[in-house]
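Q: Please take a close look at a single part of this structure and describe how it sits among its surroundings. I would like one connected account, with the cut-off behind each term stated where the term is used.

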Amino acid sequence: MRDALEQAQRALDLGEVPVGAVVVQEGRIVGMGFNQPIAGNDPTSHGEIVALRAAARTLGNYRLTGSTLYVTVEPCLMCAGAMVHARIGTLVYGASEPKSGVAHSVMRAFDHPSLNHRVEVVSGVLEDDCSRIIKKFFKEKR
């Protein structure tokens, strides 16, 4: 999660919403990313998506079976869908997102009975650190 926080700091430094993510497989980081929709003019460039894309390139396969995705903030519905399609084994996130988080906050998207893949979810890892960086960003924006 500390590596994901470093990615979030990179987003913050660029004026993006500070969300960072890393994909780990067999104990090594295979993909990293941070939010960059503003810089890339791409609404899909959330940290999770960027990290999944990087991991798929590294592994030469869009299926990331058995991988763990660490992200600083609870994912949105788009990112949850990408995790299911990538066959992520475990999602680990830090801070809850009460407005758009779909692992636990707004809905439990990973529990939907029609999904053909289940993602294990672990929440609250380095929650204070993850909350601090996102709160700092929004406090400075207001």
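A: What follows looks at strand β1 and then moves outward to the elements around it.

The model is a predicted one, in which local features need pLDDT of at least 70 and side-chain atom pairs count only at pLDDT 80 or more, whereas totals for chains, interfaces and linings use all residues. Residues are numbered from 1 along each chain as its sequence is written, and side-chain values use heavy atoms, with hydrogens and water left out.

Strand β1 covers residues 20-25, and six of the six are buried, so the strand is largely enclosed by the rest of the structure. Here buried means under 20% relative accessible area and exposed over 50%, with partly exposed in between, for a 1.4 Å probe and protein chains only; strands (E, at least two residues) and helices (H or I, at least four) are DSSP runs numbered from the N terminus. The cover extends to both faces of β1, with G20, V22 and V24 buried on one side and A21, V23 and Q25 buried on the other.

Along its edges, β1 pairs in the antiparallel sense with β2 (residues 28-34) over six bridges, and with β3 (residues 68-73), again antiparallel, over four bridges; two strands are taken to pair if DSSP finds at least two bridges between them. V24 has I29 of β2 as its bridge partner, Q25 is matched in β2 by R28, and V22 is matched by Y70 in β3. The connection from β1 to β2 is a hairpin with two residues between the strands, and E26 in this turn has a positive phi of about 50 degrees.

These strands belong to an open sheet of five, ordered β2-β1-β3-β4-β5, with mixed pairing. Its edge strands are β2 and β5 (120-122), each of which pairs on one side only. From one strand to the next, the twist averages 20 degrees, where axes are lines fitted to C-alpha atoms, for helices over the stretch in contact, and angles run from 0 to 180 degrees between N-to-C directions. Helix α3 packs on the sheet, touching β1, β2 and β3, and its direction makes about 145 degrees with that of β2.

In the loop between α3 (47-59) and β3 lies S67, which counts as buried because its relative accessibility is 0%. Leaving aside neighbours within four places in sequence, S67 is in contact (heavy atoms within 4.5 Å) with V23, V24, Q25, I88, G89 and T90.

Helix α1 (residues 2-13) also reaches β1, since its buried residues pack against β1, β2, β3 and α5 (127-141). Those buried residues are A4, L5, Q7, A8, A11 and L12. They cover an arc of only 155 degrees around the axis, which puts them on the same side of α1; the arc is that of the directions from the helix axis to the C-beta atoms. The face of α1 turned away from this buried side carries the exposed residues R2, E6 and D13. Helices α1 and α5 pack at an angle of about 5 degrees, with their axes 10 Å apart.
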